[in-house]
Every structure is written in C-alpha cells, then in structure tokens.
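Colleague: I should like to learn how to read a structural model, beginning with the ligand and then turning to a sheet. May we take the features in turn?

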Amino acid sequence: MTQGSHPNSHDGSNFELGQSLWQSCVDQLAQELPEQQFNTWIKPLTALVHEDMSKITVFVANRFKLDWVRAQYSQRIAGMLEKLYGQAVSVELVITPREAPVRPAMAPRAAEVPAAIEEVEVGEDRVASGPKSRLNSMLTFESLVEGTANRMARAAAMHVATMPGHLYNPLFIYGGVGLGKTHLMHAVGNRLLVDKPGSKVLYIHAEQFVSDVVKAYQRKTFDEFKERYHSLDLLLIDDVQFFANKDRTQEEFFNAFEALLAKKSHIVMTSDTYPKGLADIHERLVSRFDSGLTVAIEPPELEMRVAILINKAHAEGSEMPEEVAFFVAKNVRSNVRELEGALRKILAYSRFNQKEISIQLAREALRDLLSIQNRQISVENIQKTVADYYKIKVADMYSKKRPASIARPRQIAMYLAKELTQKSLPEIGELFGGRDHTTVLHAVRKIGGERQQLTELNQQLHVLEQTLKG
Ligand SMILES: Nc1ncnc2c1ncn2[C@@H]1O[C@H](COP(=O)(O)OP(=O)(O)OP(=O)(O)O)[C@@H](O)[C@H]1O
C-alpha cells in the first residue's frame, strides 16, 4: 500500500481497477457456487484492494464467518483473483471493525483504519453475557449431506434456524448412533449466529446439564443456573435419554423448558428414541418433548453414503472416484461415523503408500474392517433388519413400548443378537435401550422355545438369519 495515499486522492484508474477486479471475482463466484452458499458467505463480503494491486483485504462480519471463509473460500478467492488479474493477489481476511465504514474500493493508508487490519473480535463475545455457545463451527448445514434419511429433519432444523421461536418448538430429533443428530443441532446454532450474531445460543450434552444441576445443588447456586439457562434464545440439548431416572435434573429441565418457551426461545433436542419411547422420564416432560415437532433421522441410504464419502474426501483435499465410494458405501452400512472412519483409513493408506485411491486400495485399507464384517453381524444391523421385516421403527428397539406388535419383534431381535453375535446378555440389554440382562435372557428363552413349536415363527427367523448372514 503506498504510504501517504488517501482513498479520495487515489489514482482514478487503479481505484476503478481494484473495484472492478473484486466485483468480477464476486460475479464469477456467484456463477460457480450454489446460490445458498454464495448468498451466505460471499455476497456479504466487502473488500479493499491495495493500491499496487498485490493484496486485497476482505472484510468479514465476525469470527465465525471469518474462520469459515478462510477454511472454505480464501484459496478459491485468491485463485479467482489471480486468474482475472493475471498475477498473484494475496488475500487478507479481517473482521469488519465495529464503526469504521468499509469502502468497497481501494485501501486507505493503514493509520486511517487502525482496527480494520487487526482481527478485531466483533461478534465473538456474542454470548459473553451468558455461557459460551460451545458450537463447533465446522458442523453446518453446508457440510451436512442431504438424503431421504435426513430430509425432513434437515428441513425442520433449517426452519428453526431461520425463524427461531416460531414453528416446531421444541424440535425433537431422534435416531440411532452416528446419524448426524448432533451435527444438525450445531448447524441450527451456527446458522442462527450467522444471521443474528447477538443471539444467546448454547449447545449442551444432557450429561453436562445433569452435572450443572448437581453443581448448582451442591454450591447452592440455582439462581446463577437459572440465569444461565433461562436467558437463552436457543437451547440445543443432545441425548436427552440421559435424563432417565434423574429426578432433580428433570425438574430443572422442566423449569428451563417452560421459561424458554414462555419467552419464545427455541429448544432443539436429540435422543436415541422418540419421546414416548423414552424410559424413566416423567410423563409431563415426555408430553412436552412431543408438543412441537418430532422427526427421525434414519440410517443413510446407499446413494447418500456415496455422496457423504465423496464430499468428505473432497473436504480433505482428495478425490474419491465414484466406483470406490460405491464399494465402500456398500460395505460400511451402519452409520456416518463409521463411514468417516473408513474414509480416514483409505486417505491415510493412500498418502502413506503414495498410491491413487482405487477399489483395490480401499480393499487393502479396510482389510480388517471387511473381514470382521464378514465374520460378524452387528446388533445394530439385526435391529434394523428385524424392524424393517416387521414394519416397526428402529427406535422401537430401544423404546419402552410394550404392545405385542412391538415387544415381540424386539424379543426376536434380542434372540438373534444372542444367536448371531458374540455379545453378552448385559451388552445386548445395553444396546436395546439400557434393558436389564434378565429381560434379554427371558426373550432368548422364550423365542428359542417357541421356535421349536411354531413353524411360522421358525420360518420367519430363518429368513431373518439368511438376510443377516448375507
Ligand atoms: N448427512 C451427513 N453429512 C455429512 N456428515 C454427516 C452426516 N451425518 C452425520 N455426519 C457426520 O457423522 C459424524 C457423526 O454424526 P453425529 O455426531 O452428528 O451423530 P449423532 O447422530 O449425534 O450420533 P450420537 O448419537 O452417537 O451422538 C459427524 O462427524 C457428522 O459430521
């Protein structure tokens, strides 16, 4: 930047050039990026092109956006500027200073924008008067792959993020492990903070809430506790099944729940089962959980698993050929967390051995996983297969529901889990919504006994066993 220059005394041609270079870059990105991404991340940016055109300072509204733009778009912006201008332009990202008007033109001399060139924390202290939001800025709607399995939950979450306090309050999201419930919740919080940086948002795991209640109890600091929770605009609470049997916690949560709803703050919850399937949670709380919108996230279907693998590989800077993604997706079926694990192995194997990603390489990288899978059938897989077969929800495998139409398939699944896996009775009980081992033993004996007498049941079990053994 030339010393002594002033924005109003710039050489007109460079001033124009700077402006039009940035504008062309933005226009080009508008064509290349999905509309939603462009509108959220690129459109709000303003920039100052330095006089000698070697550097551009891009202003971003807050720290969260800055991290995101830096991770996702800064290289792309630099590449685009270089392409348009014909030589390298370095990109500097800074947070927009609170008051200084940002001229979308040439940079004035440094002394005139003292705060602009430093990364001023505007918006970071968005929850300073309350708790930290505890949000993971990487878990956004943009990084969440959409598919049939999560479409409804995603749409509802998106609605909450854009209009909190209106419809779907509370939003209750349920589903099995590693299916993206937590991710979706963070996405709601992150999006709200982008749109309304001043909002008080808190993400918390139910166990942490329990421990906060215990601390408040021990230290007699319930006023602070209430101040903390009751003043939020958005409470995101993960795995509420952990409230089971914790009476005092349930009472405090009930109070927080009522206070937040009364002031039109939004509550989003997740759980491994739907509200009425929750064990050992007071009825008045269960009925409140169910009073907004309850949506399920199902295990991802094949195409979605393929898309997740390709996207995640891309985000890691590698390309995964479609045929390899199909191979992995066909073999890793249970949940997204396992898919991510498989992907990590493949990428590491490829880098370490300096080999291109191919089906052969994936087969080698996942050797252990594939052989275990061939030998072992997982309880989750049994639960899903049996639930599909008897047309009940997978969540009913963990629920406390007792009608025969649900209890019987659940017993059948427990029986198959004992027959086809190495798991102990207590382990199986745990995987069926924390049931006692005697419940599992009862199911195993009952179904085993009836199988000897009832041809129809025997036939059904035979079909299920064949399906599971592949
Ligand atoms: N649709 C998706 N697109 C991209 N990534 C996903 C998707 N679903 C899940 N993931 C990723 O899979 C991992 C597991 O997801 P997450 O932790 O949200 O699962 P969960 O349902 O909350 O599981 P748990 O009940 O075990 O906490 C995360 O890294 C998440 O980012």
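Colleague: How many residues surround the ligand, and which are the closest?

Modeller: Please keep in mind that this model is predicted. In it, 16 residues surround the ligand, and the closest are Gly180, Lys181, Thr182, His183 and Val336. By class, the shell holds seven nonpolar, six polar and three charged residues.

Colleague: Which helices and which domains supply the shell around the ligand?

Modeller: At least two residues of the shell come from each of α6 (181-195) and α13 (336-353). Domain 2 (151-296) and domain 3 (302-375) each contribute at least three residues to the shell.

Colleague: How many helices and strands are there in the protein?

Modeller: The protein has 20 helices and eight strands. Of its 470 residues, 39% are buried.

Colleague: How do strands of a sheet pair?

Modeller: The general idea is that strands of a sheet pair through backbone hydrogen bonds, in either a parallel or an antiparallel manner. In this structure, one open sheet consists of three strands in the order β1-β2-β3, and its pairing is mixed. β1 (46-49) and β3 (90-95) are the edge strands; each has a single partner strand, so one side of each lacks a neighbour in the sheet.

Colleague: In which sense do β2 and β3 pair?

Modeller: Strand β2 (residues 55-60) pairs with β3 in the parallel sense, over six bridges. Valine 58 stands opposite leucine 93 in β3.

Colleague: Which helix packs on the sheet?

Modeller: Helix α3 (residues 63-72) does, touching β2 and β3. The direction of helix α3 makes about 160 degrees with that of β3.

Notes:
Residues numbered from 1 in each chain as written. Predicted model: local features only at pLDDT ≥ 70, side-chain atom pairs only at ≥ 80, totals over all residues. Near = placed C-beta within 6 Å. Helix = DSSP H or I, 4+ residues; strand = E, 2+ residues; numbered from the N terminus. Nonpolar A, V, L, I, M, F, W, Y, C, P; charged D, E, K, R; others polar. Domains from an automatic or database assignment. Buried ≥ 20, exposed ≤ 12 C-beta atoms within 10 Å, placed from the backbone. Pairing = 2+ DSSP bridges. Contact = placed C-beta atoms within 7 Å. Axes fitted to C-alpha atoms, helices over the stretch in contact; angles between N-to-C directions.
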